[in-house]
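Reader: Hey, can you walk me through this structure? I'm new to this, so plain words please.

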Amino acid sequence: MWFLTFSGKMFFQKKNGCIHPFLYNREISEKINTNKGHIKYSFIPFSDSSVMISLKDKGTFFVNKNGTLSSLYNQKTNVVFDFRKSSPFISHCLNFYDKDGMDIYLSSGGRLHAELKVAPTHLYALKLSNGKKIISTDEYLYVISGRQYKVFAMDDGVLGLFQDKSGKIWVLLNGKGAWCYQDEDFSKKPLLKLLNGETVTSMIQDYEGAYWFSTLTSGVCYIPSLSIENYTVADGLPSSKISKVFVKDSVVWVGFLDAFVSSISPKGAVKTYKSYSKYKTYVKWLGYSKDDRAMLVSSDQLYEIKDGKSIPMEDKHLLFKGKDEKTSLLPRAVIPSKKGGYWLASNRGIKYIKEKKVFYDSYLTNEFTGVSYSCAEDKKGGLWIASNSLWYYQSGKFINYGLINPVFNVDISKVFYDEKAAVLWIATKGNGLLLYDGLRIIELGESKGLLSNVIADFEVEGNEVWIGTNKGVNRVILGRGKHVLSVLRYNTTHGLVGNDIRDLCLTSKFLYVATTSGLSRIDRLKEPYLSPSPKVVVSAFKVNDKDTLTTTHLHLKHNQNFIDIRFNALTYKRENGRVTYRYKLLGLSDKWFYTEEESARFYKLEPGSYQFVVEAKNNDGFWSKSSAGINFCIEKPFWTTWWFQGLLLLLLCLILYGIMRARIMVLRKLSLYERKGNLWKNQSLSLQMNPHFIFNTLNSIQLFILKCDVESSLYYLSKFSILMRKTLENSNKIKISLKEELEGLALYLELEKLRSEGKFTFDISCDEDINQTETYIPTLLIQPFVENSIWHGIMPKVGAGHIDVKIVHSGTYIKCCITDDGIGRAKSLELKQNRNTKGHTSFATRIVSRRMQLLKALYKKEFGLKYADLYDSTGAPCGTEVVIIVPRDFRMMKEVNLIAE
């Protein structure tokens with residue numbers, strides 16, 4: 001939205017509500033000296049930030065997007081009207097009178113030159129919906145059709161031109177208000193003159209059809225509808241509190257709550273008449289007497305107005321069946337009777353009058369003494385009576401229909417009998433308008449669209465029903481079967497002077513409405529008011545009591561869950577300034593909530609996505625066709641998000657992993673300590689074997705020395721020294737290569753062979769696919785079993801023996817097979833038991849057995865040891881075989897090796 005100040009400075013407002021100055025205001029001010037208060041005629045902003053502006057006496061300038069100013073149009077021409085733009089553009093160049101100075105650029109592309117009647121002060125232009133154009137130069141109007149134009153002189157200077165949605169043309173005159181014309185022929189009489197005496201400077205018609213006028217001295221005037229005119233004290237009435245209205249021969253008669261009666265002539269002249277009310281009682285009824293050609297008025301007295309005078313009627317001694325008894329009539333309604341005369345509904349029952357005599361008075365007969373507000377005679381001659389309930393009188397009998405049906409047991413304000421349809425219309429003060437045909441009851445109330453169920457009066461004409469309530473007037477169109485086709489509402493938001501309706505009077509053209517705030521007249525011939533569905537907008541969005549910039553979608557933190565949403569209906573037709581709203585917050589509830597407050601508050605919303613939707617209902621009962629709303633999302637707390645929970649789970653896993661790893665490390669340390677212990681035990685046992693072997697060997701050397709066999713002793717010592725060196729080198733190792741083990745074993749066997757003087761032979765072999773250098777076995781693993789074969793198998797044998805040592809490959813293991821042809825384990829044990837001597841004890845084999853168990857625990861691998869007794873074909877023992885099983889990847893067990901290191 002763009003603004004232009006009196007000083008020529010321009011501003012624009014963005015959608016966010018912020019107002020910014022035009023970038024080149026300073027350049028414009030310096031170039032054309034706008035500080036002197038030049039008045040603008042037209043200005044057009046363009047999307048590229050360029051502007052076209054026209055100032056009085058200065059002409060038209062174009063400001064491009066770079067701030068460069070240039071003049072437009074012919075500066076020698078006084079006035080230019082350009083209809084080629086989207087809206088008419090006016091340029092006023094020089095401040096002197098030039099009869100040849102008005103150029104009119106037509107939207108078709110041509111140019112029309114017109115003579116100026118006066119030196120112009122005010123210039124206005126209007127493009128009509130039929131293609132014609134209207135321009136004004138002070139009090140002169142130019143109507144342009146094609147290349148022709150007509151000039152009309154108005155009563156005063158024109159301050160504005162406007163065409164409303166119905167096509168009517170409005171001319172705003174200086175000091176004479178706004179004049180409305182049917183078309184562009186301004187020689188005709190205006191249809192309407194509004195705000196006479198005011199200087200109206202501008203006007204608009206909003207989307208609801210209401211008119212807004214700005215005035216020079218009286219502010220802004222709002223007129224909801226042109227089809228309603230109002231009369232109050234300001235229009236000459238003695239009071240605005242009206243109780244009854246009646247129209248006769250275009251003269252409007254008005255009865256007031258303070259007992260006065262006034263008449264309004266067709267020209268608007270108001271005349272007030274003398275009241276004969278003793279107690280200033282309000283006017284209860286107005287009627288016309290054809291016989292007397294006079295207006296009848298009922299207050300607490302009955303009198304007539306004739307020839308401009310008020311004349312008491314009860315002084316004429318209306319008699320009860322010819323007797324001399326006087327009675328006050330106090331009529332509330334008078335209707336003609338089929339048998340002649342009149343029925344009177346009065347404060348004291350009902351009365352029948354004929355030839356100015358009271359022939360029947362239910363009050364005096366004590367048959368029916370209640371207040372009768374109205375009565376209606378049906379085609380059978382029976383009389384329906386509106387009282388504290390619905391009554392029926394026929395053939396001298398009164399029937400209370402309120403006792404027959406509870407819907408009739410309520411105050412009745414008016415009854416009317418439609419003979420053509422044979423339907424009784426009943427206005428109630430609580431149950432709406434009832435239609436009764438003797439069998440069924442049709443109810444017209446708030447549920448059918450009426451403003452209220454409290455009905456004061458109604459008027460029926462064909463299928464059109466006008467209903468006055470305590471909240472305004474309804475116009476109901478009925479279809480077949482008295483079904484409601486449409487309902488229109490009229491109250492103060494539509495232009496009525498008041499909502500508390502007391503009486504209605506229907507004529508061929510107008511409906512007159514008596515209210516406690518004045519008199520309203522509704523033009524029935526004009527199109528009904530516009531009642532579009534109200535537009536509604538979200539005006540503010542507060543988070544934790546702080547305003548938040550509203551966008552289509554908001555992302556809020558988890559603790560930003562106190563939401564206050566403000567909304568407004570863009571309608572001025574508000575009853576008591578209020579509008580009914582309904583809203584719902586999808587994501588929280590699908591239920592509509594109804595309120596008259598213009599805000600909705602939500603507290604402690606859970607995280608999630610929400611959509612706020614709001615609709616408004618205008619005073620005519622129409623809901624918004626399109627709702628307004630806003631989407632927002634409240635994020636989950638970070639500790640409930642999947643990523644945080646994932647991180648937390650990962651952290652817990654890491655903690656558990658750390659705990660398990662720490663536990664494993666502890667267990668590994670314990671296992672390490674255990675393995676170290678096993679290793680030290682193994683090394684200890686290995687070291688125990690070395691003295692054992694040395695002891696046996698030294699015994700052999702001692703034997704050679706005792707025999708004085710020097711050569712054998714030297715040879716034996718040489719072999720022994722080599723064997724000792726290898727034994728000492730390997731004593732601290734937990735493993736040696738297979739090659740080293742077999743070499744040491746060969747030296748040992750040679751020494752034992754020399755010692756036993758050739759008692760046995762031996763043979764050592766290894767599979768070719770076994771790399772002896774790269775294959776490792778525990779230190780001194782084979783030698784103890786070879787020693788056993790010699791001393792427990794071969795030595796006790798008669799004759800020479802043989803020992804065979806084989807190293808074979810068996811999958812992931814290596815088998816060391818030690819076979820001898822000695823006496824066998826059973827015979828050896830038997831000899832040991834028979835000798836019962838200490839002799840040679842199998843100390844080494846026990847050590848090896850323990851070492852095998854330790855090796856299993858240390859390396860977590862299978863170390864096997866098997867014994868097999870050999871027998872010949874006769875079943876006699878012929879030797880023993882020992883199989884040692886060692887893992888082939890013994891060398892690759894780095895952890896144990898590191899422990900050893």
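Author: Sure, one definition to start: a charge sits over a ring if NZ of Lys or CZ of Arg is within 6 Å of the ring centre and within 35 degrees of the ring normal. Lys535 does that with Tyr207, at 4.7 Å from the ring centre. Lys414 lies over the face of Phe458, at 4.9 Å from the ring centre.

Reader: What kind of model is this, and how are residues numbered?

Author: It's a predicted model, where local features need pLDDT of at least 70, side-chain atom pairs count only at pLDDT 80 or more, and totals for chains, interfaces and linings use all residues. Residues are numbered from 1 along each chain as its sequence is written, and side-chain values use heavy atoms, with hydrogens and water left out.

Reader: OK, rings. How many aromatic pairs are there?

Author: The count is 46 aromatic pairs. Rings of Phe, Tyr and Trp (its six-membered ring) pair if their centres lie within 6.5 Å; planes under 30 degrees apart are stacked, over 60 edge-to-face, and the rest tilted. Trp212 and Tyr222 make a tilted pair, with 4.5 Å between centres and 55° between planes. Trp212 sits in strand β21 and Tyr222 in strand β22, 10 residues apart. Strands here are DSSP runs of E, at least two residues, and helices are runs of H or I, at least four, numbered from the N terminus.

Reader: Which residues do ring pairs link into a cluster?

Author: Trp343, Tyr352, Phe359, Tyr360, Phe368, Trp391, Tyr393 and Phe398.

Reader: Switching topic: is Ser243 buried or exposed?

Author: Ser243 counts as buried because its relative accessibility is 3%, and buried means under 20% relative accessible area (exposed is over 50%, partly exposed in between, with a 1.4 Å probe and protein chains only). Ser243 belongs to strand β24.

Reader: What does Ser243 contact?

Author: Beyond neighbours within four places in sequence, its contacts (heavy atoms within 4.5 Å) include Phe256, Tyr282, Arg502 and Ala514. The Ser243 side chain also reaches the backbone oxygen of Val283 at 2.7 Å.

Reader: And the largest nonpolar core, which residues touch the most other members?

Author: Ile782, Val786, Ile807 and Ile884, out of 37 residues. A nonpolar core is a set of buried Ala, Val, Leu, Ile, Met, Phe, Trp, Tyr and Cys residues joined through side-chain atoms within 4.5 Å.

Reader: Where does the largest share of this core come from?

Author: From α4, with 7 residues. There's also a second, separate core of 24 residues, Val536 and Phe612 among them.

Technical notes
Polar contact = N/O pair within 3.5 Å; in protein donor to acceptor, adjacent residues only side chain to side chain.
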